[in-house]
Amino acid sequence: MSQTTASVATAASATARPVIAESATAQGRRARIALRGLQVLLALFYVIASALPKLIAHPAAAESFDKMGWGSTGMYIIGVLELAGGVALLIPVLQSVAAMALSGLMVGAFVVTLTYLNGENAATPLILIVPLALIAWARRRHNADLLRLVLRRA
C-alpha cells in the first residue's frame, strides 16, 4: 500500500511541477532571460519595423493599404494595434494576452497577404506566430492576475 501511495504522490508532484521558465533553478533563470529577450525583440519588431511605417504613412505601407482598398484609415488602425501589442508584450500582466492578440493579427495578416498581395511574404506572419504562441503559453499564469485586476476594477 505504501508503494501505491508513493507512486501516486510521485505522479502528482510530476504534474504539479512549475514551468521551466518559472522555476527557481539556474535553467529556469536562463529560460526566463531568453523568454524576456524574445519578448523585447518582438516588441521592437512590432513597434519599429511594423507599426511605425504605418503610423508615419510610409509610401510602401500606404501603397499596400490602398491596393487592398483599406486606405489610410485601415493602415492607421493596424498600426495602432501593432504598437499597442508591441508595448503590451513588455507589461507583465498583459504579456500573454498581447501575444494571443498579436497572433490573431498575424492570422489576419496571412489571409490578407494571400488574398490581396498574391502571397508575397506570406510566410512572415506564420513565422511570427511561433514565438508569440511560446510567449502566450509560457506567460499564461499572468492571465489569472489580469482577470483578478479587471474584476477588482469592475
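This report describes the fold, surface, helix packing and side-chain pairing of a predicted protein model.

## Basis of the model

Residues are numbered from 1 along each chain as its sequence is written, and side-chain values use heavy atoms, with hydrogens and water left out. As the model is predicted, local features need pLDDT of at least 70 and side-chain atom pairs count only at pLDDT 80 or more, whereas totals for chains, interfaces and linings use all residues.

## Overall architecture

The protein contains seven helices and zero strands, in the sequence order α-α-α-α-α-α-α. Helices (H or I, at least four residues) and strands (E, at least two) are DSSP runs, numbered from the N terminus.

Of the 154 residues, 30% count as buried; buried means under 20% relative accessible area, exposed over 50%, and partly exposed in between (1.4 Å probe, protein chains only). Among contacts with a separation of 6 or more, 63% involve residues 24 or more positions apart, a contact being heavy atoms within 4.5 Å.

## Surface

The protein exposes about 9500 Å², of which carbon and sulfur atoms supply 69%. Accessible areas come from the Shrake-Rupley method with a 1.4 Å probe, and for residues only the protein chains shown count as cover.

A nonpolar surface patch is formed by Val 40, Leu 44, Ile 48, Leu 52, Ile 56 and Leu 90, with about 520 Å² of accessible area together. Patches are made of residues with over 30% relative accessible area and no salt bridge; like charges are joined within 9 Å, and nonpolar side chains (Val, Leu, Ile, Met, Phe, Trp, Tyr) within 5 Å. Within this patch, Leu 52 belongs to helix 2 (residues 26-55) and is partly exposed at 41% relative accessibility.

## Helix 3 and its packing

In helix 3 (residues 59-68), the residues Ala 61, Phe 65 and Met 68 are buried. Viewed down the helix axis, the buried residues of helix 3 fall within an arc of 55°, so they line one face; the arc is that of the directions from the helix axis to the C-beta atoms. These buried residues pack against helix 2, helix 4 (71-88) and helix 5.

The face turned away from the buried side carries the exposed residues Pro 59, Glu 63, Asp 66 and Lys 67. Just after helix 3, Gly 69 adopts a positive phi of about 85°.

## Gln 95 and Asn 143

Gln 95 lies in helix 5 (residues 95-116) and is buried, at 2% relative accessibility. Beyond its neighbours within four places in sequence, Gln 95 contacts Arg 36, Gln 39, Ala 88, Leu 89, Ile 135, Arg 139 and His 142.

Asn 143, in helix 7 (residues 142-153), is partly exposed at 26% relative accessibility. Its C-alpha is 7.6 Å from that of Leu 94, although the two are 49 residues apart in sequence. Outside its neighbours within four places, Asn 143 contacts Ser 96, Val 97 and Met 100. The side chains of Asn 143 and Ser 96 are joined by a polar contact of 3.4 Å. A polar contact is a pair of N or O atoms within 3.5 Å; within protein, one must be able to donate a hydrogen and the other to accept it, and residues adjacent in sequence count only if both atoms are side-chain atoms.

## Salt bridges

The structure holds two salt bridges, each defined as a side-chain nitrogen of Lys or Arg within 4 Å of a carboxyl oxygen of Asp or Glu. One joins Lys 54 and Glu 82 (3.1 Å, N to O). Lys 54 lies in helix 2 and Glu 82 in helix 4, so this pair ties together parts 28 residues apart in sequence. Both Lys 54 and Glu 82 are buried.

The side chains of Arg 148 and Asp 145 also meet in a salt bridge (2.3 Å, N to O). Both residues lie in helix 7, three residues apart, about one turn of the helix. Asp 145 is partly exposed, with a relative accessible area of 33%.
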